[in-house]
Amino acid sequence: MENLLIERTSVTPKVDFNPNKNLFEICGSSRPEDVRVFYGPILNKVEAFRKEIAYKTDDYIDNPFVFNFKFNYFNSSSAKFILDILIEVNNFHLDGINIQVNWFFEEGDDDMKEVGEELTEMLDIQPQYIMIKK
Amino acid sequence: MLFCKIHRYIFIINMVKEVELLKYKGVLNFEQIGVILDKVQPELDNYSSDTLVKKRIYSVLVEVLENVHNHGYNNQEYLPQCILTRYDDNFVIKISNVVLNANIEKFKNILDYVNSLSEDEINKSFYGKIKEKTILEESEAGVGIIQIAKKASSKLVYNFKTINDKISYFTLKVTI
């Protein structure tokens, strides 16, 4: 599957979905003019990739597929779609694919840590909460 | 004489304590919201070193501005207005815009409901809404208001001032 690279703007995060590197990373601020238009294709791409690799779970035993969430801000409309991505991420695990989920937050930003803990609550694996020092 | 001096001194202290960081009056579209947020960011850096406070102010600003953009009623005579003021350690965001009288009851219900909740209940309500399988576009305003209440340090203060039988001027004050 081809990579998906969406450059960061002042209202949308950078998205780097790189199946060759076992990496999905979303990074920056999120308050798109239309959340459905921005997140819909990302969700579709991730879901399509999961279905494509569902029969080769052995490839990921030693090298988990890593999902990094590095938001410095997202609005309430984005929260629902970030949760949808996390639900899709959990489907990787349910399909037997070895994954690792990292939720980053800036030092002092307790709200971003809390929202990460709440949104990842439904995951069947334990995510890592990683503080980025100032 | 002494009283006058003391009075003046207190007045000066009060002047210093109150700083207006943003005052905008005009049309609010998506691009304009971006311009406002770009301007306010360095002001926040100047007036607070607390990451959490700065992010909460930014978050509330986004939600109130987007609420006006998405749910306000355009009227050239009564333009939206947004003011961010620092009082001591508190920051107050005051936003005003025109709304249709037909929508007032709906807005009041959302605001009164949010104001009736405790801090824990606000959190539960916010994450409950987010975790609903689908969010109707019309209920996104509710999620935004809950998000605002979640970041606020006190209850939301609002009022509706009737302009005519069709429209009113809505003002919301949020303290962080």
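**Entry 1: chain A, the outline**

I started by counting elements in chain A and got three helices and six strands. This is a predicted model, so I'm keeping that in mind as I go. Next I read along the sequence to get the order, and chain A runs β-β-β-α-β-α-β-α-β. I then looked up how compact the chain is: the radius of gyration is 14 Å, close to the 14 Å that the globule rule gives for 134 residues, so chain A is as compact as a globular protein of that length. For the overall dimensions I went to the principal axes, where the C-alpha trace of chain A spans about 40 × 30 × 25 Å.

**Entry 2: chain A, inside and outside**

How many of the residues of chain A count as buried? I found 52% of the 134. Then I turned to contacts between residues at least 6 apart in sequence, and 66% of those in chain A join residues at least 24 apart. On the outside, chain A exposes about 6200 Å². Carbon and sulfur atoms supply 46% of that area. I also checked the charges: chain A has 14 positive side chains and 24 negative ones. The centres of those two sets lie 4 Å apart.

**Entry 3: the core**

Which residues touch the most other members of the largest nonpolar core? I noted down Phe24(A) and Phe69(A), in a core of 83 residues. I followed up Phe24(A), skipping its neighbours within four places in sequence. Its contacts include Phe69(A), the other residue I had just noted, as well as Phe17(A), Phe65(A) and Phe67(A). Also among them are Val15(A), Ile42(A), Val46(A), Val66(A) and Ile85(A). Asp16(A) and Asn68(A) are on the list too.

**Entry 4: two residues in chain B**

I moved to chain B and picked Asp112(B), which sits in helix α4, residues 101-115. Is Asp112(B) buried or exposed? Neither label fits, because its relative accessible area is 39%, which makes it partly exposed. I also looked at how far it is from Glu132(B): the two are 20 residues apart along the chain, and their C-alpha atoms are separated by 22 Å.

My other pick was Ser125(B), in helix α5, residues 119-131. Ser125(B) has 13% relative accessibility, so it counts as buried; the cut-off for that is under 20%. What is Ser125(B) in contact with, leaving aside its neighbours within four places in sequence? I wrote down Tyr113(B), Leu117(B) and Ile146(B).

Key. Residues numbered from 1 in each chain as written. Chains lettered and ligands numbered in written order. Predicted model: local features only at pLDDT ≥ 70, side-chain atom pairs only at ≥ 80, totals over all residues. Heavy atoms only, no water. Helix = DSSP H or I, 4+ residues; strand = E, 2+ residues; numbered from the N terminus. Rg over C-alpha atoms; globule rule 2.2 N^0.38 Å. Buried < 20%, exposed > 50% of the residue type's maximum accessible area, 1.4 Å probe, protein only. Contact = heavy atoms within 4.5 Å. Areas by Shrake-Rupley, 256 points an atom, 1.4 Å probe, with all protein chains shown as cover. Lys, Arg positive; Asp, Glu negative; His and termini not counted. Charge placed at Lys NZ, Arg CZ, Asp CG, Glu CD. Core = buried A, V, L, I, M, F, W, Y, C linked by side-chain atoms within 4.5 Å.
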